[in-house]
Amino acid sequence: MVNSSLVATVYVNSVTGNDANTGSRSTPLKTITRALKQGKASTIIQLSTGTYSTANGEVFPLVIPPGVLVVGNEANKGQEIIISGSGEYQSPSFGVQNITLLLLGDASLLGVTVINNSLKGTGVWIESSIPTIANSTFKNCTREGIFTTGNAKPGIVDNLFINNKVSGLVIAKNSKGEILRNVFQNNGLGIAISDFAAPLIANNKLSANGTAIALSRDAKPVLRRNLIANNIQGGLLINGNAIPDLGSPQDPADNIFREQGKFDLQNVTDQKIMSVGNQLSPPQVMGAIDFMAATIDTPSQIGVSTRFADLEGHWAAAFVESLVSKGFISGFPDGTFQPATPITRAQYAALMTKTFELPESNQLDRFKDVKSNFWAAKAIASTADQGFLKGFPDGTFRPENNLTKIQALVSIVNGLNLNGGNPNVLMVYRDRAQIPSYATNATTVATQKLLVVNYPQVDQLEPLREITRAEVAVLIYQALVATGQENPLPSPYIVKPETEIPSFSDIVGHWAEPFIRALVSMNLTQGFADGTYQPDQAMTRAQYTALIAAAFNPPAKRPSPEFIDIPQNFWAANAIEIAARGGFVGGFSDRTFRPTQNVQRLQVIVSLVNGLGLSPTAQKAVTYVDQDKIPEYARTAVTIATQQKIIVNYPDPNLLAPTREATRAEVAAMVYQALVASQRTKVINSPYIVLQISN
């Protein structure tokens with residue numbers, strides 16, 4: 001399933017490494033430069049904490065070849081793994097440039113900090129390539145953090161751009177790609193888009209920049225659900241012949257602009273720009289802008305009468321009106337409700353106290369950043385007493401911070417002492433991997449109690465996004481329904497999990513029956529038309545990717561390759577793309593995927609370890625009775641899978657049988673165990689799960 005080269009890892013440590021070493025975990029190299037010479041396609045270059053610079057022996061620019069992944073620490077966006085330096089690069093588009101890194105092909109850069117403080121220095125240069133850059137920091141570059149040009153189509157996801165002198169990100173020429181969930185702060189420009197570039201810019205936060213987004217020439221970006229606030233000059237500046245996509249009547253953009261220094265939106269072109277569904281302050285809109293209403297079909301809300309000008313036809317109108325009529329929530333003096341506006345922790349505390357009639361608290365000095373005369377001090381103390389909200393480890397409450405969706409769900413479940421729920425219900429969410437581990441149980445309960453309402457995609461939870469006023473209103477109403485205080489309102493966006501378990505004639509008494517039934521109950525796998533599951537039949541590579549895509553729906557870690565034997569209309573084409581982009585599977589050197597070839601047990605094991613990014617929990621060797629049949633490249637993955645209790649061996653737990661074709665039952669069991677290892681479902685007891693490692 002995964003080529004041996006996919007798991008080849010070269011370790012680099014700028015502090016303890018030596019470039020004369022082999023690059024193993026115990027004998028790391030010292031420089032990325034040396035690792036790049038040693039590595040081959042699909043190599044992972046794993047960096048340890050430290051600074052990688054000229055003084056350390058690095059030679060810049062660092063050129064990352066196609067298929068190579070440079071990985072630091074994604075959990076803290078590479079805070080302590082710093083790549084700092086500059087070298088000359090002859091760009092086909094822009095001539096000689098001073099850059100730190102050049103990403104070629106489908107290279108990946110994950111979990112590092114990049115700094116280029118040389119004259120006109122750029123952190124990362126992307127030219128007509130399709131790399132992935134995620135969970136990294138780009139700061140203190142004298143020009144920009146990232147520059148994309150040519151026909152580049154990068155995935156730039158979950159990064160931090162801060163204190164870059166000219167711009168955080170520049171997108172030029174015919175670049176496209178996806179710019180998702182990044183934070184841009186204190187840059188000259190947050191994002192500059194020019195020429196014929198047409199990227200998707202979605203779910204980003206841009207604040208304290210000179211100007212958040214500047215367009216020029218013939219740029220045509222698509223902007224969706226971005227928060228653009230508190231920028232010194234302005235939010236969106238449109239120059240030249242640029243035409244941004246700011247929504248359509250059928251697809252509102254939902255960007256939020258607020259509190260800029262001079263303008264939210266300034267159009268200095270000769271063309272009128274259409275804006276649909278964006279939150280803007282009219283006095284801060286300059287130039288020709290055509291404001292149009294959204295016409296999204298929300299059948300459950302047709303005919304709902306509302307007192308708010310901005311709730312006509314809104315999907316949450318009925319829920320809001322019900323709460324307003326009871327005095328739980330209110331709108332604004334200008335006659336609006338501002339449904340897309342986030343809610344602060346203080347505002348939420350006040351709402352909880354009023355709605356659920358929480359008793360007064362005597363501990364008004366509980367949090368060091370909430371003075372007793374603060375307008376929401378009593379409400380904050382009451383919600384803390386009753387378990388709705390907690391403070392932070394430093395003793396603060398941070399009342400002005402916006403609340404996230406997952407925080408709101410946890411708050412309601414904890415505050416109302418709700419319990420019960422089948423962990424399998426989380427499989428209804430395509431982005432369930434984003435649910436923090438601390439919130440897994442609360443999300444399960446909230447889903448089972450029908451508290452979760454997702455608009456516009458019912459299977460998209462978006463747990464880390466700031467929750468809006470409309471969403472809070474709906475959540476509160478559903479909580480009142482769950483506690484018997486209100487009658488249900490119809491809505492197509494209420495998440496209604498289905499956990500009924502079909503039966504198959506050939507799995508009763510089978511060793512893998514509990515694993516198969518569990519996956520079927522989550523709607524992750526299914527049987528055949530004749531009422532059988534055929535647990536002992538081999539599974540093909542295509543069937544395996546279908547199960548992986550359904551079970552994990554992994555976020556993209558890299559652009560997906562184009563397999564020459566996978567036509568667009570192939571039944572598993574989408575699943576193969578999802579699994580490949582998520583790092584679970586790869587193709588072969590001849591650019592084929594070979595979907596009808598049966599998958600081996602070892603391939604399943606390596607795939608699950610790589611796709612989930614699992615690490616060893618102890619430095620111990622794995623010994624099976626057929627240990628000598630495990631290839632050298634796969635031994636680390638087998639060790640990790642054993643430690644994580646992913647491996648299931650029937651009938652003999654000590655016999656791995658790595659090269660044997662995996663049966664449908666074996667794949668089901670190991671995929672289920674991988675879900676357990678990632679804390680997405682409950683433990684199943686089976687004598688065939690390998691529980692111990694022997695030396």
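For this tour, Ala, Val, Leu, Ile, Met, Phe, Trp, Tyr, Cys and Pro count as nonpolar, Asp, Glu, Lys and Arg as charged, and the others, Gly among them, as polar. Keep that handy for the first stop, and remember that you are looking at a predicted model.

**Stop 1: a hole inside**

Start with empty space. A search of the whole structure turns up one cavity of 30 Å³ or more, and its volume is about 90 Å³. To find it, select Trp315, Lys405, Leu409, Leu451, Val452, Val453, Ile467, Glu471, Val474 and Leu475, which line the cavity. Now color helix 5 (405-415) and helix 7 (469-482): these are the elements that give two or more residues to the lining. Which helix gives the largest share of the lining? Helix 7 does, with three residues.

Next, color the lining by class. You should find eight nonpolar residues, no polar ones and two charged ones.

**Stop 2: the largest nonpolar core**

In soluble globular proteins, nonpolar side chains tend to be buried together. Here, the largest nonpolar core has 63 residues, and Tyr544, Phe552, Leu608 and Val671 are the members that touch the most others. Show these helices as ribbons, since each supplies at least two residues of the core:

- helix 8 (513-521) and helix 9 (541-552)
- helix 10 (573-581) and helix 11 (601-612)
- helix 12 (635-643) and helix 13 (664-677)

Helix 13 brings the largest share, 10 residues.

Zoom in on Leu608. What does leucine 608 touch, not counting residues up to four places away in sequence? Select Tyr544, Ile548, Phe552, Phe584, Ile646, Met670, Val671 and Ala674 and you have its contacts.

Before moving on, jump to a second, separate core, this one of 62 residues. Phe328, Ile435, Leu475 and Tyr493 are among its members. You have already met Leu475, as part of the cavity lining.

**Stop 3: salt bridges**

The structure holds 15 salt bridges. Let's visit a few.

Select aspartate 245 and arginine 224. They form a salt bridge, with the closest N and O atoms 3.0 Å apart. This pair links distant parts of the chain: aspartate 245 sits in the loop between strand 26 (234-238) and strand 27 (247-248), while arginine 224 is in strand 24 (residues 222-224), 21 residues away. Turn on the surface and check both partners. Aspartate 245 counts as partly exposed because its relative accessibility is 29%, whereas arginine 224 has 6% and so counts as buried.

Now go to helix 8. Glutamate 513 and arginine 517 meet there through their side chains in a salt bridge, 2.9 Å from N to O. Why are they about one helical turn apart? Because they are four residues apart in helix 8. Glutamate 513 has a relative accessible area of 18%, so it counts as buried, the cut-off being under 20%.

Then select glutamate 666 and arginine 601, whose side chains form a salt bridge at 3.4 Å, N to O. Here the link runs between helix 13, home of glutamate 666, and helix 11, home of arginine 601, with the two residues 65 apart. Are these two partners buried or exposed? Glutamate 666 is buried, with a relative accessible area of 4%, and arginine 601 is buried too, at 1%.

For the last selection, pick Glu462, Arg465 and Glu471. Salt bridges with shared partners join them into one network. Glu471 also brings you back to the start, being one of the residues that line the cavity.

Conventions
Residues are numbered from 1 along each chain as its sequence is written. This is a predicted model: local features need pLDDT of at least 70, side-chain atom pairs count only at pLDDT 80 or more; totals for chains, interfaces and linings use all residues. Side-chain values use heavy atoms; hydrogens and water are left out. A nonpolar core is a set of buried Ala, Val, Leu, Ile, Met, Phe, Trp, Tyr and Cys residues joined through side-chain atoms within 4.5 Å. Buried means under 20% relative accessible area, exposed over 50%, partly exposed in between (1.4 Å probe, protein chains only). Contact means heavy atoms within 4.5 Å. On a 1 Å grid over the protein atoms alone, a cavity is a set of points where a 1.4 Å probe fits but cannot get out, and a pocket is an open set with protein on both sides within 12 Å along at least five of seven lines; lining residues have an atom within 4 Å of a point. Grid points are joined across faces, edges and corners, and a volume is the space filled by probe spheres set on the points. A salt bridge is a side-chain nitrogen of Lys or Arg within 4 Å of a carboxyl oxygen of Asp or Glu.
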